[in-house]
Number of protein chains: 8
Amino acid sequence: MDKRELESILDKVAKGEMTAQDAAVKIKTEPYEDLGFAKIDYHRGVRQGAAEVIYGAGKTKEQVCSIVQSMLAHGEKSVLITRMSKDAYVYVSERLPLFYDELSKIGIAGEKRKYENPAGKIVIATGGTSDIPVAEEAALTAEFYGSNVLRLYDVGVSGIHRLFDRADDLATARVVVAVAGMEGALASVVGGMVDCPVIAVPTSVGYGANFGGVSALLSMLNSCASGVSVVNIDNGFGAGYLANMINRI
Amino acid sequence: MDKRELESILDKVAKGEMTAQDAAVKIKTEPYEDLGFAKIDYHRGVRQGAAEVIYGAGKTKEQVCSIVQSMLAHGEKSVLITRMSKDAYVYVSERLPLFYDELSKIGIAGEKRKYENPAGKIVIATGGTSDIPVAEEAALTAEFYGSNVLRLYDVGVSGIHRLFDRADDLATARVVVAVAGMEGALASVVGGMVDCPVIAVPTSVGYGANFGGVSALLSMLNSCASGVSVVNIDNGFGAGYLANMINRI
Amino acid sequence: MDKRELESILDKVAKGEMTAQDAAVKIKTEPYEDLGFAKIDYHRGVRQGAAEVIYGAGKTKEQVCSIVQSMLAHGEKSVLITRMSKDAYVYVSERLPLFYDELSKIGIAGEKRKYENPAGKIVIATGGTSDIPVAEEAALTAEFYGSNVLRLYDVGVSGIHRLFDRADDLATARVVVAVAGMEGALASVVGGMVDCPVIAVPTSVGYGANFGGVSALLSMLNSCASGVSVVNIDNGFGAGYLANMINRI
Amino acid sequence: MDKRELESILDKVAKGEMTAQDAAVKIKTEPYEDLGFAKIDYHRGVRQGAAEVIYGAGKTKEQVCSIVQSMLAHGEKSVLITRMSKDAYVYVSERLPLFYDELSKIGIAGEKRKYENPAGKIVIATGGTSDIPVAEEAALTAEFYGSNVLRLYDVGVSGIHRLFDRADDLATARVVVAVAGMEGALASVVGGMVDCPVIAVPTSVGYGANFGGVSALLSMLNSCASGVSVVNIDNGFGAGYLANMINRI
Amino acid sequence: MDKRELESILDKVAKGEMTAQDAAVKIKTEPYEDLGFAKIDYHRGVRQGAAEVIYGAGKTKEQVCSIVQSMLAHGEKSVLITRMSKDAYVYVSERLPLFYDELSKIGIAGEKRKYENPAGKIVIATGGTSDIPVAEEAALTAEFYGSNVLRLYDVGVSGIHRLFDRADDLATARVVVAVAGMEGALASVVGGMVDCPVIAVPTSVGYGANFGGVSALLSMLNSCASGVSVVNIDNGFGAGYLANMINRI
Amino acid sequence: MDKRELESILDKVAKGEMTAQDAAVKIKTEPYEDLGFAKIDYHRGVRQGAAEVIYGAGKTKEQVCSIVQSMLAHGEKSVLITRMSKDAYVYVSERLPLFYDELSKIGIAGEKRKYENPAGKIVIATGGTSDIPVAEEAALTAEFYGSNVLRLYDVGVSGIHRLFDRADDLATARVVVAVAGMEGALASVVGGMVDCPVIAVPTSVGYGANFGGVSALLSMLNSCASGVSVVNIDNGFGAGYLANMINRI
Amino acid sequence: MDKRELESILDKVAKGEMTAQDAAVKIKTEPYEDLGFAKIDYHRGVRQGAAEVIYGAGKTKEQVCSIVQSMLAHGEKSVLITRMSKDAYVYVSERLPLFYDELSKIGIAGEKRKYENPAGKIVIATGGTSDIPVAEEAALTAEFYGSNVLRLYDVGVSGIHRLFDRADDLATARVVVAVAGMEGALASVVGGMVDCPVIAVPTSVGYGANFGGVSALLSMLNSCASGVSVVNIDNGFGAGYLANMINRI
Amino acid sequence: MDKRELESILDKVAKGEMTAQDAAVKIKTEPYEDLGFAKIDYHRGVRQGAAEVIYGAGKTKEQVCSIVQSMLAHGEKSVLITRMSKDAYVYVSERLPLFYDELSKIGIAGEKRKYENPAGKIVIATGGTSDIPVAEEAALTAEFYGSNVLRLYDVGVSGIHRLFDRADDLATARVVVAVAGMEGALASVVGGMVDCPVIAVPTSVGYGANFGGVSALLSMLNSCASGVSVVNIDNGFGAGYLANMINRI
């Protein structure tokens with residue numbers, strides 16, 4: 001139901017063509033479908049400008065598949081699935097067209113989207129090679145929604161010339177996503193090199209006193225560089241989604 | 001020193017008009033001035049598109065004043081001072097033109113900037129009245145850099161109709177800054193209502209198990225809404241700076 | 001042993017019909033039975049108005065079975081088992097009549113209780129689909145003790161219209177149980193919509209900086225809404241038990 | 001605006017006596033008043049069955065006074081102020097009739113409420129004498145809303161006979177509020193003695209590894225007794241408000 | 001080497017019968033044997049009045065066996081092994097006489113010690129049945145060193161009459177070991193009932209906000225009862241060892 | 001009321017000389033006196049073998065004084081006051097005979113106790129000079145109850161010869177109290193040198209990552225030496241009380 | 001590319017023999033090779049005086065092997081691999097000459113380095129036997145880079161004579177690495193015995209309130225001995241690398 | 001007492017010229033003096049190659065003065081006092097020659113040491129101006145013991161060119177001390193630029209989620225650069241002392 005439909009319903013109430021009770025029922029029941037275990041939110045496409053995404057963790061392969069099918073049946077051309085287990089991938093791919101990236105555990109069901117002119121440029125940088133799965137979750141998400149993505153992997157601050165060699169790439173980005181575990185210093189260094197928003201993604205990469213990503217998280221929250229904000233540990237999707245949102249403003 | 005100057009120096013080296021040594025010295029010494037206790041970074045204006053800002057906490061009134069004076073002497077028209085103590089305000093205002101907002105502890109030295117056409121619209125919302133000082137730090141910062149700001153204060157989720165009454169204002173924002181202490185739920189609720197970036201600012205407002213803002217911080221990092229990122233506890237400046245950056249893309 | 005029996009014993013002492021020593025022995029030994037590894041508390045049924053419940057986690061299937069049998073032998077009609085492993089379910093169900101719900105790991109041994117007029121209405125709401133196992137633990141517990149339960153699942157704050165569509169259901173509840181992980185904002189939003197007690201149950205659903213449910217827990221403890229109290233992370237039983245207690249006042 | 005008024009407005013829309021636009025404006029603007037720094041929520045009285053309460057901490061004496069005056073002007077007979085500083089007390093009491101309790105920092109402006117038949121019985125127990133200020137905040141809040149309160153102070157578990165001497169008082173309570181710092185064991189012990197809801201209030205009383213109340217908080221959240229729920233550290237108001245809510249069901 | 005031998009060596013030095021260098025070598029090399037991966041401390045028997053104990057966790061079955069053999073070869077009659085895996089038990093018991101308790105994972109190699117007149121009385125109490133493995137570690141340790149132990153299991157504070165029924169047993173103890181998880185209140189309640197030392201052992205029993213035993217640990221450290229001290233989470237051995245030490249003073 | 005009196009009451013009930021009701025009233029009301037803000041526990045002297053102690057922190061000077069006076073009036077010869085402020089000291093000493101130690105903030109009201117043959121020997125050792133106030137709280141407490149105390153101050157492990165020089169003193173102790181902040185290693189080192197119980201007291205001495213004593217607390221809880229148990233941070237009283245209890249067994 | 005090569009390139013630019021653009025390209029592309037998933041840093045050998053090391057955790061056996069091969073192909077004689085899984089060991093050793101130590105999970109590919117005159121003396125001490133794997137990681141690392149290492153294992157503070165017996169070895173060390181879990185006191189005691197740098201390595205050895213090594217970490221950070229610094233929990237490589245660096249100054 | 005004296009005493013025992021008892025007494029009593037509240041450690045000068053230092057925090061001005069006087073009387077030429085309050089400075093300077101630096105709170109009593117050829121070069125770098133007090137504590141300590149120190153202040157990573165401009169200074173250092181608060185990234189960046197040991201000092205500079213320096217501490221412990229070790233938060237003295245120790249190897 002888009003905004004126009006809603007206004008038309010309200011008009012009918014004002015004109016006496018529909019009772020308030022009926023209008024309420026219509027408005028309430030239309031926008032999402034109740035699968036029993038999940039309410040699929042068809043509103044969001046309109047409200048947030050982006051189709052529903054399925055968070056695959058903690059859902060059975062059957063649940064993932066049935067949500068995807070319901071969404072495709074309601075007119076979505078493609079559906080993004082994050083943290084999709086290999087099991088779910090096998091199960092769904094036997095029933096539906098499905099792209100799957102094992103590293104990031106991203107699945108895309110339905111037609112793969114194509115954008116003739118993808119927007120701007122998002123640079124996604126990682127401190128090390130172990131941060132790549134999270135970075136790819138961000139990259140594939142941003143590409144799914146129509147952004148250009150440039151990957152700069154393994155450019156961490158302990159060999160900082162690797163980062164500086166790519167200063168030009170950073171300088172022309174509209175948004176940078178900085179993905180790093182351990183001490184998470186990448187976000188601050190990048191933040192000091194660019195004049196665009198930097199989205200910092202702490203990862204759980206490391207051991208000992210990194211406490212599952214807390215060291216990088218705190219480091220990034222306390223960044224002395226301006227223009228840096230932070231998402232949850234390992235939340236590549238959130239970073240990619242937000243980066244695309246900013247990139248397409 | 002702007003980019004053009006830099007290229008001209010490098011050209012001279014290539015043409016043999018300047019030795020590499022001299023060029024290095026020139027590049028190194030130009031961009032910032034060493035006051036002994038602080039290196040003022042005249043580069044940043046160019047590099048990050050925004051003038052230097054002084055973080056006033058932990059600096060004496062004399063230090064604040066002398067940094068401001070040096071910056072104005074180098075051509076800045078106005079300087080933003082955050083967390084400026086009342087003492088520093090009194091001291092500086094006796095020596096320089098200074099705007100000061102007691103609530104947010106923001107000072108602006110030099111000419112107050114005027115923008116003929118301030119950019120877009122940033123909505124800054126708070127959960128309660130005690131969050132206002134942090135929100136004002138964000139608001140004055142964003143305005144300083146040329147953004148329109150709409151303030152929606154005291155619209156926390158325990159009386160959620162106050163927030164929904166302003167749904168239109170939210171819907172037309174380019175960026176929203178959500179400032180909240182206690183349980184910090186405002187960010188998630190706002191995040192679910194809009195399709196633009198939401199910058200969440202946890203505040204230290206509350207008591208007991210809020211642990212100086214940690215409860216709101218964790219809540220915001222774990223937001224189930226997409227498009228939300230987080231800055232440090234009470235970091236109104238960071239949020240306002242980033243909001244302006246996004247708003248002006 | 002009910003209160004009347006106790007008074008009768010004390011009377012006998014006063015009348016000299018029983019020595020103090022014998023009375024003490026009788027009072028001490030009667031109320032519970034010692035199985036060696038567990039003291040079954042037959043007192044509690046009277047004292048707390050609810051039969052003994054078995055916490056299944058960390059008990060072997062044989063222990064669970066033998067405690068249930070002892071309780072049924074002492075006159076309990078039915079026994080509630082929480083966090084019952086599938087193993088224990090198989091083992092016990094081969095020996096006793098047993099209802100088992102795999103999602104919530106709730107088992108009910110003996111006759112299933114039936115209430116002609118279940119009391120009031122408890123609404124149990126969850127933020128997402130992953131919170132449902134905890135919610136079902138609460139729902140089945142409350143129903144076991146004789147309460148009506150209305151389930152509102154997947155109504156989290158990032159798509160808040162899903163919650164508002166059910167405002168009428170909330171408005172007529174005598175108690176609401178709000179079950180949510182991640183940022184746990186559901187409790188505050190619900191707390192602002194109703195004028196009855198809200199029992200908040202943080203869940204360990206989420207990842208990264210949710211720290212196994214701590215983010216939701218802190219969020220709920222710091223709720224800015226009045227009438228909200230909190231139980232332990234994932235403690236669906238505790239919430240359902242308390243909700244029934246309030247519902248039946 | 002009470003529910004009846006609201007329905008009458010909606011009726012007018014249905015009958016064409018009022019445009020939807022005008023109705024929206026009326027509904028939106030009526031329910032609260034914007035003082036600039038605070039939106040007073042006149043809705044809540046109806047919605048939650050309890051008048052607005054002012055959280056005094058972090059508000060200036062002038063702000064407190066002006067909010068109180070606005071509320072009294074809108075028809076409230078009396079207003080509860082929590083965490084009211086002595087300063088605010090002096091300032092407000094010079095301008096308005098005001099009851100003030102120094103220990104709990106509770107103020108009641110306007111007429112003191114009188115209830116002909118206060119409801120049920122709430123028992124408020126503390127572990128030690130240092131917990132009394134928090135307990136009094138709970139007690140005065142519950143009395144303000146019309147509940148009978150019985151105080152059992154200094155009955156902590158290290159001298160547990162003091163608690164057992166009052167077993168009768170506990171047995172006849174409809175709700176118990178257990179207020180304790182240090183190890184917070186009072187809640188569990190009381191929880192095992194009664195069959196009514198127990199609201200546990202951890203206090204910041206103690207030192208060292210109590211971490212400002214965290215030890216008592218964790219202890220209470222992990223209570224092995226059924227029927228116990230927890231509010232924030234030192235949150236006497238929350239406990240008293242909820243206790244009254246349950247007591248008056 | 002006992003104290004007498006040591007004095008005799010020192011005497012020889014004073015009398016010129018042995019050079020200082022030789023004496024040093026003798027003293028240094030005698031007291032323990034170096035197995036390469038472990039220095040067995042034969043000194044401790046004398047110094048601390050108790051034979052060496054092997055902490056089995058993190059050692060291979062071969063390492064455990066070879067340490068035990070070396071100790072028996074040096075004259076120990078029996079050796080206590082804590083946290084002994086079932087694997088190690090099987091392996092060692094094929095090579096040596098070995099008593100093994102599966103619940104507590106305690107092994108005793110060599111002759112089982114017998115004491116004609118075991119000392120005093122240690123009461124070991126647990127809050128629930130899940131705390132029993134830790135309690136048995138304490139009990140078997142104390143018995144190994146010659147103490148009488150009385151077990152009071154499953155007497156937690158949520159059904160406090162179970163504890164009070166055993167007040168006489170508590171009153172005649174020389175030391176009490178209170179073993180409890182969850183809220184750990186048992187230590188405080190027991191501490192208030194007796195006038196002998198109480199050793200509190202927090203256990204990791206529980207879930208959610210118990211944080212692997214931290215809730216019980218903090219509770220016990222903050223006990224309002226006098227005479228209570230605390231050992232590490234799940235450290236049954238430490239408690240049993242110390243209880244015996246006090247019991248035998 | 002001592003044990004004999006209690007038995008006499010129960011006898012009377014058995015003989016019909018007193019009704020159960022009257023007996024209950026007598027038992028309940030006798031043992032402590034209710035000052036309104038504190039229930040003084042006259043039972044404890046008998047039950048725990050030690051007179052009541054007043055925890056002075058958080059009590060006004062008037063409260064402290066009135067509790068002391070009530071206790072002396074009930075027959076206590078002397079009363080121990082811990083964490084007594086200088087203010088309270090001045091106030092009480094004008095009204096009562098009072099010994100006061102400024103360093104440890106220990107006050108002793110009434111006659112100073114004298115013991116003809118103080119028991120055994122408690123060694124109280126500190127890591128540094130800043131730990132002395134806590135150590136003195138322990139020492140004066142133990143002396144108050146009749147123990148001999150030997151003070152070994154400033155013998156921390158960074159200059160470990162200072163400790164070893166006193167090995168003889170340690171070897172003849174019946175109990176050792178090890179008081180240390182920072183890394184708290186003293187407890188482990190001492191624990192390895194003696195064969196008597198070691199009570200470890202972490203102090204809040206230090207800065208940075210000591211987190212108000214947490215570093216020493218964790219260090220002591222994880223001590224690799226046997227026979228070590230721990231009390232709360234800065235809890236000198238608790239250590240001294242327990243040390244005396246063990247010393248006098 | 002070594003420093004001389006770099007200067008030669010810059011010379012060419014100054015002399016007009018190479019354009020700035022070409023020079024930039026050359027400098028950028030030379031120093032490391034991009035394997036797609038990892039940028040191997042050939043610079044570091046020169047810059048830090050030590051060849052590249054591969055952190056094996058979180059890399060597949062194929063990735064480890066291909067990085068090693070690339071490094072050997074670029075002229076490294078030998079490559080150090082830390083945290084190498086047994087799987088990776090088997091896989092790589094089938095393709096390349098490889099030394100592997102199972103305990104420490106250290107692998108050395110290529111020729112084993114031999115030093116005619118290894119530098120100075122590093123003493124590596126552990127508190128217990130369970131700390132040995134971390135210590136061996138440090139020892140093998142330091143030896144790989146050319147240092148002499150003396151191992152003193154199982155010399156923890158609970159039997160401190162074992163440490164003092166080796167005082168001479170400690171006294172002649174140029175650097176000491178102190179490896180300990182549990183309470184981590186070893187670092188402080190060693191720190192007080194020597195006048196050379198002490199590198200403290202907390203290990204995750206222990207249980208309960210050691211929190212995966214946090215107790216030892218805090219203990220070491222708060223060491224009262226001078227000359228002590230700390231690396232991450234279980235970071236044997238870091239300690240060995242740094243020890244060698246200091247040893248070879 | 002130096003090593004030679006000690007050997008001479010031991011010789012006398014071997015030759016029968018002195019009894020063991022007398023020797024023990026002599027050795028024990030000589031090396032330090034007992035001021036009652038502090039044992040001054042005259043041994044350490046020999047043992048650790050550096051004179052005693054006084055940690056001024058938590059000591060009264062009289063205590064500081066009397067310790068200094070005792071040390072000077074025993075032959076120290078100069079004494080270093082850290083964290084010396086202004087009060088203590090005034091008090092001591094009236095009685096003794098004293099150098100005092102207000103920023104770092106370092107005092108040096110007695111003759112100021114002069115070194116004809118100070119050793120090597122220590123670079124001390126800070127992230128911001130607020131870190132300077134801690135850096136100066138390190139610098140003055142290192143200079144006191146005879147090291148050359150080069151200060152590079154305010155070269156934090158958000159404007160990283162300031163750091164790179166000083167690459168030559170870093171490249172020639174024998175040790176670098178990196179002092180930073182907030183995200184503490186300076187240590188990693190510096191660690192990647194140099195091939196000498198880097199001592200990282202986290203500072204408590206910052207706010208919100210820096211938790212008094214924890215963010216920088218964790219960041220530094222998790223540094224991805226090799227050769228970095230860490231001291232306690234704000235521990236400038238420890239870093240300076242260790243830097244000098246390494247510098248003078």
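Buried area is the accessible area, taken with a 1.4 Å probe, that two parts lose on being put together, summed over both. By that reckoning, chain B and chain A of this predicted model bury about 2400 Å² between them, with 58% of it on carbon and sulfur atoms. Here is a short tour of that interface, followed by a helix in chain G and an asparagine in chain B.

**How to read the values**
- Residues are numbered from 1 along each chain as its sequence is written, and chains are lettered from A in the order in which they are written.
- Because the model is predicted, local features need pLDDT of at least 70, side-chain atom pairs count only at pLDDT 80 or more, and totals for chains, interfaces and linings use all residues, while side-chain values use heavy atoms, with hydrogens and water left out.

**Where chains B and A meet**
- On chain B, 28 residues are in contact (heavy atoms within 4.5 Å) with 28 residues of chain A.
- The rule finds zero salt bridges across this interface, a salt bridge being a side-chain nitrogen of Lys or Arg within 4 Å of a carboxyl oxygen of Asp or Glu.
- Four residue pairs, both at pLDDT 80 or more, are in polar contact across the interface of chain B and chain A; a polar contact is a pair of N or O atoms within 3.5 Å, and within protein one must be able to donate a hydrogen and the other to accept it, with residues adjacent in sequence counting only if both atoms are side-chain atoms.
- H11(B) gives the most to the side of chain B that touches chain A, with five residues.
- That side of chain B divides into 15 nonpolar, nine polar and four charged residues, with Gly counted among the polar ones.

**Symmetry of the pair**
- A turn of 180° and a shift of 0.0 Å along the axis lay chain B on chain A with an RMSD of 0.1 Å, superposed by least squares on the C-alpha atoms of residues with pLDDT of at least 70 in both.
- That is the relation of a two-fold axis.
- In chain B, the C-alpha nearest the axis belongs to B:Val230, 2.5 Å from it.
- The copies meet through the same surface, because 100% of the interface residues of chain B are also interface residues in chain A.

**A covered helix and a buried asparagine**
- Helix H10 of chain G, residues 214-221, has eight of its eight residues buried, where buried means under 20% relative accessible area (1.4 Å probe, protein chains only); among them are G:Val214 and G:Met220.
- B:Asn235 lies in the loop between S11 and H11 of chain B, and counts as buried at 12% relative accessibility.
- The side chain of B:Asn235 makes a polar contact with that of H:Tyr207 (3.1 Å).

Conventions: Helices (H or I, at least four residues) and strands (E, at least two) are DSSP runs, numbered from the N terminus. Buried means under 20% relative accessible area, exposed over 50%, partly exposed in between (1.4 Å probe, protein chains only).
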